[in-house]
Amino acid sequence: MAGNADVIVVGAGLSGLVAATEIAEAGKRVIVVDQEGEQSLGGQAFWSFGGLFLVDSPEQRRLGIKDSYELALQDWMGSAGFDRDEDLWPRRSAEAYLGFAAGEKRGWLRAMGHRIFPVVGWAERGGYDAMGHGNSVPRFHVSWGTGPGIVEPFERRARQAQASGRLTFKFRHRVDALIMTNGAVEGIAGSILEPDGVERGKSSSRKVTGEFTLRAQAVIIAAGGIGGNHDLVRQNWPKRLGNAPKKMISGVPEHVDGRMIGIAQAAGGRLINRDRMWHYVEGIRNWSPIWPRHGIRILPGPSSMWFDATGKRLAAPLFPGSDTLGQLQYIMNTGYDYSWFVLTQSIIKKEFALSGSEQNPDLTGKSWLMTARRATNKGAPGPVEAFKTHGLDFIVRDNLADLVTAMNKLSGDDLLKLEHVTAQIEARDREIDNPYVKDAQVMNIHNARRYVGDRLIRTAKPHRILDPAHGPLIAVKLNILTRKTLGGFETDLDGRMFGTDGKLISGLYAVGEAAGFGGGGMHGYRSLEGTFLGGCLFSGRNAGRASAKAVA
Ligand SMILES: Cc1cc2nc3c(=O)[nH]c(=O)nc-3n(C[C@H](O)[C@H](O)[C@H](O)COP(=O)(O)OP(=O)(O)OC[C@H]3O[C@@H](n4cnc5c(N)ncnc54)[C@H](O)[C@@H]3O)c2cc1C
């Protein structure tokens, strides 16, 4: 069949780049279209922290962490909580992905020059029982070079394929429809947007200057999720998480608009688990924003005290870094869409990391010298100190009375009572002198410090919050920050998309966030973190290889 290419990929984010490079390297011709300009190549992955979920890696072993496929499977299933008929392909995708994360993933990336920062992070620690949510052990491997470090090998491969004539990029091409004939996909149609030299990540013009159609035997949807579109997030918000927040900030650029999801649905694709999403509760407004409503997620260590809007401490096990959706559910049920961290200078210095490549110039710039300062510096990393000084959500005071007054002023709700907050902090502080204690959060801190990685760069030495030697005191107002879409188009393990009639749609594929990172939602309800980039790699690779094989 004559066409403009063998395969068309919609979206030049990580999942699209991975699929396209596999297709080109299998000797087929591929066109990659993206609504953004060339400067945005790599999509969200460029902005990411580059954290990758790996199981039983050499990095883990060097730190004494004993991990296995079985332990990871137990953690995954405990977090996913698959409980629906449509979880068939999500569950199969999860099992296959875990095999990849425990097997080929690291070596495959390494052969392309990808490298990993040696201290493995411990995200989503859970706190329930062994079969409940969370990572039993640290598994969050940060790419050396963060987000750009994971995009780089695929961009390089794509540029090589482009030079050989197998891969063609068409930027500023926005897809508005899929061309379907007798239930099979034949191509795409859309609008050509005016050139716009706007900086990466900033919103670009949507002015249409022309139209296009492109034909191919297969089309891969790699168009991302819905996190930049708050209307869609609210529409899909599940009752189990309380009411949708009135106010949210955005953890993703505006191009994560969810528009392509509606277009593929209109062509007959079966969207499942759309009520499953992964939004954070530790969002802070970026004082130097790149995209609209730009928020940054704090990746917190375990020691900050966490209070809801009314000043009540969050109950065990909802400590920083334990259970993102458990915290979201709790917070939304308070009737307010914000909460507070209260901490000390000693805690911020060691425990605050900010997710995002631009917030980690040491790791992103691959500077060992700057990175080593994380362990030795007197202050927090530069970007964290900058937030402390300029961030709208940060309050720094020498005493608790002044801190609480400023917190009430910032929220405008006047809900915090000094005696209530003081009593809870003093009670927690009395638990600090013994290593065997009643307070579950303090227990957690001792547990964390038994892991060398946490002791080195992630968990402050236990101390009293009200000890002036560890001051000043800091309060951070935490907002709900939109990020990931866990549901998506139902696909098989080759990324082939199912239609609403339960049959595969000939020639149509979905990968990355658009496919719920594989199968239509391989995370189920909850993620173990670092699984999104990994899901883009795995689903992109599978669909790229399968589509290249399928086209004549
Ligand atoms: C700040 C930040 C930190 C993160 N940190 C991590 C981390 O440490 N670990 C982890 O695993 N994950 C992380 N993530 C998540 C991860 O980066 C994303 O989920 C992943 O990169 C999504 O890739 P994608 O290819 O599916 O979609 P995207 O990157 O969203 O790419 C989709 C592309 O499709 C284009 N597109 C959309 N619609 C159309 C259309 N109609 N026509 C043409 N083009 C279209 C878009 O312009 C975009 O370029 C982070 C994300 C952010 C933003």
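Which residue in β21 does F498 stand opposite? The residue is L504, and the exercises below build outward from this pair.

The model is predicted, so to speak from a record of confidence: local features need pLDDT of at least 70, side-chain atom pairs count only at pLDDT 80 or more, and totals for chains, interfaces and linings use all residues. Residues are numbered from 1 along each chain as its sequence is written, and side-chain values use heavy atoms, with hydrogens and water left out.**Exercise 1. Place the pair F498 and L504 in its sheet.**

Step 1. Begin with the strands, which are DSSP runs of E with at least two residues, just as helices are runs of H or I with at least four residues, both numbered from the N terminus. β20 and β21 (residues 504-510) pair in the antiparallel sense over two bridges, where pairing requires that DSSP finds at least two bridges between two strands.

Step 2. Now extend the view to the whole sheet, which is open, has six strands in the order β5-β2-β1-β9-β21-β20, and shows mixed pairing. Its edge strands are β5 (167-171) and β20 (496-498), each of which pairs on one side only.

Step 3. The twist from one strand to the next averages 30°, with axes being lines fitted to C-alpha atoms (for helices over the stretch in contact) and angles running from 0 to 180 degrees between N-to-C directions.

**Exercise 2. Describe the surroundings of strand β1 (residues 7-10).**

Step 1. Look at the two faces of β1: V7 and V9 on one side, and I8 and V10 on the other, are all buried, and both faces are covered. Buried means under 20% relative accessible area, exposed over 50%, and partly exposed in between, with a 1.4 Å probe and protein chains only.

Step 2. Follow the pairing to β9 (residues 218-221), which is parallel to β1 and joined to it over four bridges; the bridge partner of V9 in β9 is I220.

Step 3. Turn to β2 (residues 30-34), which also runs parallel to β1 and is joined to it by four bridges; here V10 has V33 as its bridge partner.

**Exercise 3. Explain why strand β12 (residues 277-285) is described as largely enclosed, and name its partners.**

Step 1. Eight of the nine residues of β12 are buried, so the strand is largely enclosed by the rest of the structure.

Step 2. β12 pairs with β18 in the antiparallel sense over four bridges, and M277 has T485 of β18 as its bridge partner.

Step 3. β12 also pairs with β13 (residues 295-300), again in the antiparallel sense, over three bridges, with R285 and G295 as bridge partners.

**Exercise 4. Locate the backbone features that call for a second look.**

Step 1. One cis peptide bond joins A316 and P317, with omega about 0°, and P317 is found in the loop between β14 (305-308) and α10 (324-332).

Step 2. A cis peptide bond also joins G471 and P472, with omega about 0°, and P472 lies in the loop between α18 (452-457) and β18 (473-485).

Step 3. T146 has a positive phi of about 45° although it is not a glycine; T146 lies in helix α7 (residues 146-163) and, at 0% relative accessibility, counts as buried.

Step 4. K366, likewise a residue other than glycine, has a positive phi near 55°; K366 lies in the loop between α12 (361-364) and α13 (368-376) and, at 45% relative accessibility, counts as partly exposed.

**Exercise 5. Characterise the second largest cavity.**

Step 1. The structure holds three cavities of 30 Å³ or more. A cavity is a set of points, on a 1 Å grid over the protein atoms alone, where a 1.4 Å probe fits but cannot get out, and its lining residues have an atom within 4 Å of a point.

Step 2. The second largest cavity has a volume of about 100 Å³, and of the 15 residues that line it, the closest to its centre are S93, L493, G518, S539 and N542.

Step 3. The elements giving two or more residues to this lining are α5 (88-102) and α19 (531-550), and α19 gives the most, with four residues.

**Exercise 6. Judge the overall dimensions of the protein chain.**

Step 1. The protein chain has 19 helices and 21 strands. Its radius of gyration is 23 Å, close to the 24 Å that the globule rule gives for 552 residues, so the chain is as compact as a globular protein of that length; the radius is taken over C-alpha atoms, and the rule is 2.2 Å times the number of residues to the power 0.38.

Step 2. Buried residues make up 62% of the 552 residues in the protein chain.

Conventions:
1 Å grid on protein atoms, 1.4 Å probe; cavity = no way out; pocket = protein on both sides within 12 Å on 5 of 7 lines; lining within 4 Å. Points joined across faces, edges and corners; volume = space filled by probe spheres on them.
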